[in-house]
Amino acid sequence: MTEIKNLEPFADILKRASERKGSEDFVLDMAGQTFTKEELAQIPDSMWLAAFTKQIFQSGFVWRVVENKWAGFEEVFFNFDIEKMLMMPDEMWEAKCKDERIIRNGKKVMTIKDNAQMIFEIAAEHRSFGKFIANWPAQDVIGLWAFLKKRGSRLGGNTGPYALRRLGYDTFLISQDNEAYFRAYKHIDGGVSSKKSQQTMQDCFDTWQQQTGYSYQALSRVLSYSVGDNFVGVDTNGR
């Protein structure tokens with residue numbers, strides 16, 4: 001871990017977030033929980049494929065539409081059973097791309113096949129995909145992001161990280177607010193997807209984790225609450 005110059009103590013970030021949201025307890029409660037390694041290892045391979053698929057379809061699309069269609073996805077793709085995905089012939093995939101029960105985006109539909117193959121291969125080596133994820137080095141979050149981008153289909157950017165968090169993996173995220181923070185404090189000046197920028201952010205979160213003992217998820221969410229538009233957790237109807 002590289003020492004980051006002029007890194008703001010996380011206690012100051014937490015204080016600022018607490019002042020914006022009302023209390024420290026409220027902020028930390030919104031930060032949520034993550035799964036243990038044992039819990040991650042028990043997640044079936046089909047659930048990983050489902051999480052990747054949902055995040056891929058939600059990327060650049062109206063989330064509500066994906067949610068409304070999701071029961072159709074589960075029906076059409078046999079609840080994302082990995083072996084069934086890999087046994088389907090090409091003509092069946094072509095038919096499913098046109099099925100009205102799902103969102104008919106052929107390129108995104110075919111990521112299901114590609115990612116099923118990835119999960120199958122990794123599970124064959126590690127006994128399950130969940131065990132592989134659970135045993136990934138905890139302080140190499142960006143390494144796991146890079147792995148999913150390289151081995152998976154359309155899992156680059158924030159798609160892979162959001163899918164990981166969906167199933168309880170402890171990861172920070174490069175949200176717009178968090179990116180703005182790192183730029184404002186001049187910790188990064190290049191693209192957020194560059195190896196240099198991501199390593200710098202990993203080092204920042206590692207340092208803050210050592211200071212606080214909080215999960216990456218909690219650190220990431222509290223950081224976002226401390227900057228940007230102060231809407232998260234605010235009831236605009238006054239209730």
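Which helices do the buried residues of helix 10 pack against? In this predicted model, the buried residues of helix 10 pack against helix 4 (45-58), helix 8 (106-126), helix 9 (129-134), helix 11 (159-166), helix 13 (195-212) and helix 14 (216-225). Helix 10 itself spans residues 141-151, and the residues within this span that are buried are Val-141, Ile-142, Gly-143, Leu-144, Trp-145, Phe-147 and Leu-148. As general background, an α-helix has 3.6 residues a turn, so residues three or four places apart point the same way. With that in mind, the reader may find it useful to trace Ile-142, Trp-145 and Leu-148, which are among the buried residues of helix 10, through the model.

From this helix we can step back to the whole chain. The protein has 14 helices and zero strands, and read along the sequence the pattern is accordingly α-α-α-α-α-α-α-α-α-α-α-α-α-α. With 239 residues, a compact globule would be expected to have a radius of gyration near 18 Å, and the 19 Å of the protein agrees with that expectation. Taken along the principal axes, the C-alpha atoms fill a box of roughly 55 × 45 × 35 Å. Of the 239 residues, 47% count as buried, and among contacts between residues at least 6 apart in sequence, 69% join residues at least 24 apart.

The surface and the charges can be described in a similar way. The accessible surface of the protein comes to about 12800 Å², and 49% of this area belongs to carbon and sulfur atoms. There are 31 positive and 32 negative side chains in the protein, and the centres of these two sets lie 5 Å apart.

Two buried residues in other helices show how parts of the chain meet. Val-222 is found in helix 14, one of the helices against which the buried residues of helix 10 pack. Because its relative accessible area is 0%, under the 20% cut-off, Val-222 counts as buried. Leaving aside neighbours within four places in sequence, Val-222 is in contact with Phe-10, Ile-13, Leu-14, Ala-17, Val-27 and Leu-28. In the case of Phe-10, the partner is 212 residues away from Val-222 in sequence, yet the two C-alpha atoms are 9.3 Å apart in space. Thr-159, in turn, is found in helix 11, and at 10% relative accessibility Thr-159 counts as buried. When neighbours within four places in sequence are again left aside, the contacts of Thr-159 are with Gln-55, Ile-56, Ser-59 and Arg-154.

The cysteines deserve a separate word. In general, a disulfide is a covalent bond between the sulfur atoms of two cysteines. The structure holds zero disulfides. Cys-97 is buried, with a relative accessible area of 15%, and Cys-204 is also buried, with a relative accessible area of 0%.

Which way does the backbone turn where phi is positive, and where do such residues lie? It is helpful to recall that most residues other than glycine have a negative phi. Asn-6 departs from this pattern, with a phi near 55°, a positive value in a residue other than glycine. Asn-6 is found in the segment before helix 1 (10-21), and with a relative accessible area of 73% this residue is exposed. Lys-186 likewise has a positive phi, of about 60°, although it is not a glycine. Lys-186 lies in the loop between helix 12 (176-184) and helix 13. Because its relative accessibility is 72%, over the 50% cut-off, Lys-186 counts as exposed. Measured in sequence positions, Lys-186 and Lys-5 are 181 residues apart, while their C-alpha atoms are 10.0 Å apart in space.

A last pair of residues gives a sense of a longer span. Lys-98 lies in the loop between helix 7 (90-97) and helix 8, and at 63% relative accessibility Lys-98 counts as exposed. The C-alpha atoms of Lys-98 and Ser-220 are separated by 39 Å, with their positions 122 residues apart along the chain.

Methods:
Residues are numbered from 1 along each chain as its sequence is written. This is a predicted model: local features need pLDDT of at least 70, side-chain atom pairs count only at pLDDT 80 or more; totals for chains, interfaces and linings use all residues. Side-chain values use heavy atoms; hydrogens and water are left out. Buried means under 20% relative accessible area, exposed over 50%, partly exposed in between (1.4 Å probe, protein chains only). Helices (H or I, at least four residues) and strands (E, at least two) are DSSP runs, numbered from the N terminus. Contact means heavy atoms within 4.5 Å. A disulfide is a pair of cysteine sulfur atoms within 2.5 Å. The radius of gyration is taken over C-alpha atoms; the globule rule is 2.2 Å times the number of residues to the power 0.38. Accessible areas come from the Shrake-Rupley method with a 1.4 Å probe; for residues, only the protein chains shown count as cover. Lys and Arg count as positive and Asp and Glu as negative; His and the chain ends are not counted. The place of a charge is taken as NZ of Lys, CZ of Arg, CG of Asp or CD of Glu.
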